[in-house]
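Q: I'm used to gels and assays, not coordinates. Could you walk me through reading a structure, feature by feature?

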Amino acid sequence: MEFKIEGFANKPILGDITFSKAESNVFALFVHGFKGFKDWGAHNLVAEYFAEHGINYVKFNFSHSGVPADDPKDVTNFEDFANNTPIKELYDLDKVVSFLKSEYQDSKIILIGHSRGGGVSILQAYKDVRIDAVITWAAINDFSSLWKKEQEAEWREKGKIETFNARTKEYMPLNRVLLDDFERYKNELDIKKAAKALAKPWLIIHGDDDINVHLDIAKEFRGLNPNAKFEIIENANHVFGASHPYLGTTLPECLLTVCKESFRFIMSLSFISRP
């Protein structure tokens with residue numbers, strides 16, 4: 001089922017739900033990362049995996065992801081992408097949670113956040129009583145890790161910088177609003193503080209061959225929150241063996257392991273009813 005709701009600045013949030021054939025009130029809500037989107041790579045196969053195992057799977061594009069609602073195949077709207085910020089993403093995520101709770105009142109919501117989406121998910125889970133648990137896949141621990149400190153002077157002076165997309169070989173703009181928001185809302189965007197205070201069930205998953213977000217970040221999360229579950233995926237990179245476009249019909253081995261560990265964690269939660 002596809003849905004479209006209003007996001008930040010009245011821009012649309014496009015999403016979809018892959019329902020389990022077995023009746024279930026459990027919803028895994030996937031939060032994509034920087035330069036990502038809901039249909040990137042093997043995300044649709046991931047959705048099918050969870051639905052086949054009795055869990056409804058929700059994914060969506062942030063309103064400023066740069067993926068047009070009328071052509072949601074890739075990041076092509078660089079104006080929206082350039083103006084995206086974590087504050088806008090938190091606004092959008094809150095809207096999606098509200099949508100799910102209004103449509104499925106007794107739903108249990110487990111956030112699954114990848115990379116930057118992992119950081120956003122930690123913040124949302126910490127502050128939002130409607131979130132029952134959180135799973136992070138290769139999550140960042142600081143939004144400023146997405147740019148270089150030495151770029152900030154030029155960013156303030158010129159109003160924008162560029163980030164290179166190794167997949168598309170394109171330089172993608174980032175407007176100063178991202179830096180300004182990060183500095184203005186530093187306390188609200190403190191992922192480490194939220195991670196330390198997070199009292200909900202949390203599974204941390206990270207690959208030991210991740211060159212984008214080093215395994216040490218996941219280990220730091222575990223140190224901040226010893227109650228969190230922790231799984232290292234051997235030989236896994238930042239996207240757990242997926243790519244875009246993904247032409248395979250089955251999940252990459254590492255991503256399949258990620259799905260299995262995530263499912264096992266969800267089924268261990270006390271509020272999950274078992275047949």
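A: Happy to. Let's begin with a definition: two residues are in contact when they have heavy atoms within 4.5 Å. Keep in mind too that this is a predicted model.

Q: Fine, let's try that out. Which residues is Asn-61 in contact with, leaving aside its neighbours within four places in sequence?
A: Asn-61 is in contact with Ile-13, Leu-14, His-32, Phe-37, Lys-38, Val-67 and Pro-72. Asn-61 itself lies in strand β4, residues 56-61.

Q: Is Asn-61 buried or exposed?
A: The general idea is a cut-off: buried means under 20% relative accessible area, and exposed means over 50%. Asn-61 has 3%, so it counts as buried. Its side chain also has a partner: it reaches the backbone nitrogen of Lys-38 at 2.6 Å.

Q: What about Asn-84, where does that one lie?
A: Asn-84 lies in the loop between α2 (78-82) and α3. With a relative accessible area of 8%, Asn-84 is buried. Its side chain and that of Glu-89 are joined by a polar contact of 2.8 Å. Not counting residues up to four places away in sequence, Asn-84 touches His-64, Glu-89, Arg-116 and Leu-178.

Q: You mentioned α3. How do I check a helix with a ruler?
A: Take 1.5 Å times one less than the number of residues, and you have the expected span. Helix α3 (residues 86-103) has 18 residues, and from first C-alpha to last it reaches 26 Å, close to the 26 Å expected. Several α3 residues are buried, among them Pro-86, Glu-89, Leu-93 and Phe-99.

Q: And how far apart are the end C-alpha atoms of α9?
A: They are 23 Å apart. The 16 residues of α9 (residues 253-268) should span 22 Å at 1.5 Å a residue, so the two values agree.

Q: Which residues of α9 are buried?
A: Cys-254, Leu-255, Val-258, Cys-259, Glu-261, Ser-262, Phe-265 and Ile-266. They cover an arc of only 165° around the axis, which means they sit on the same side of α9.

Q: What covers those buried residues of α9?
A: The cover includes the strands β3 (26-31), β5 (108-114), β6 (131-137), β9 (202-207) and β10 (229-233), along with helix α1 (43-52).

Q: I see two cysteines in that list. How many disulfides does a search of the whole structure find?
A: It finds 0 disulfides. A disulfide calls for two cysteine sulfur atoms within 2.5 Å. The closest cysteine sulfur to that of Cys-254 is in Cys-259, 11 Å away, so the gap is too far for a bond. Cys-259 is likewise in no disulfide, with the sulfur of Cys-254 as its nearest. Cys-254 has a relative accessible area of 17% and is buried, and Cys-259 is buried at 0%.

Q: How should I think about the protein's interior?
A: In soluble globular proteins, nonpolar side chains tend to be buried together. Here, the largest nonpolar core has 86 residues, and Leu-29, Trp-137 and Phe-240 touch the most other members.

Q: What does Trp-137 touch, not counting residues up to four places away in sequence?
A: Its partners include Phe-30, Val-46, Tyr-57, Ile-112, Ile-205 and Phe-240. Trp-137 also touches Leu-255, Val-258 and Ser-262, which are among the buried residues of α9.

Q: Now the backbone. What should catch my eye there?
A: Most residues other than glycine have a negative phi, and most peptide bonds are trans. Phe-240 has a positive phi, near 55°. Phe-240 lies in the loop between β10 and α9 and is buried, with a relative accessible area of 1%. Asn-10 has a positive phi as well, about 65°. Asn-10 lies in the loop between β1 (2-6) and β2 (12-18) and is exposed, with a relative accessible area of 58%.

Q: And which peptide bond is cis, with omega near 0°?
A: The one from His-244 to Pro-245. Pro-245 is found in the loop between β10 and α9.

Q: Let's finish with another proline: is Pro-226 buried or exposed?
A: Pro-226 is exposed, with a relative accessible area of 57%. You'll find Pro-226 in the loop between α8 (215-224) and β10.

Definitions and conventions. Residues are numbered from 1 along each chain as its sequence is written. This is a predicted model: local features need pLDDT of at least 70, side-chain atom pairs count only at pLDDT 80 or more; totals for chains, interfaces and linings use all residues. Side-chain values use heavy atoms; hydrogens and water are left out. Helices (H or I, at least four residues) and strands (E, at least two) are DSSP runs, numbered from the N terminus. Buried means under 20% relative accessible area, exposed over 50%, partly exposed in between (1.4 Å probe, protein chains only). The arc is that of the directions from the helix axis to the C-beta atoms. A polar contact is a pair of N or O atoms within 3.5 Å; within protein, one must be able to donate a hydrogen and the other to accept it, and residues adjacent in sequence count only if both atoms are side-chain atoms. A nonpolar core is a set of buried Ala, Val, Leu, Ile, Met, Phe, Trp, Tyr and Cys residues joined through side-chain atoms within 4.5 Å.
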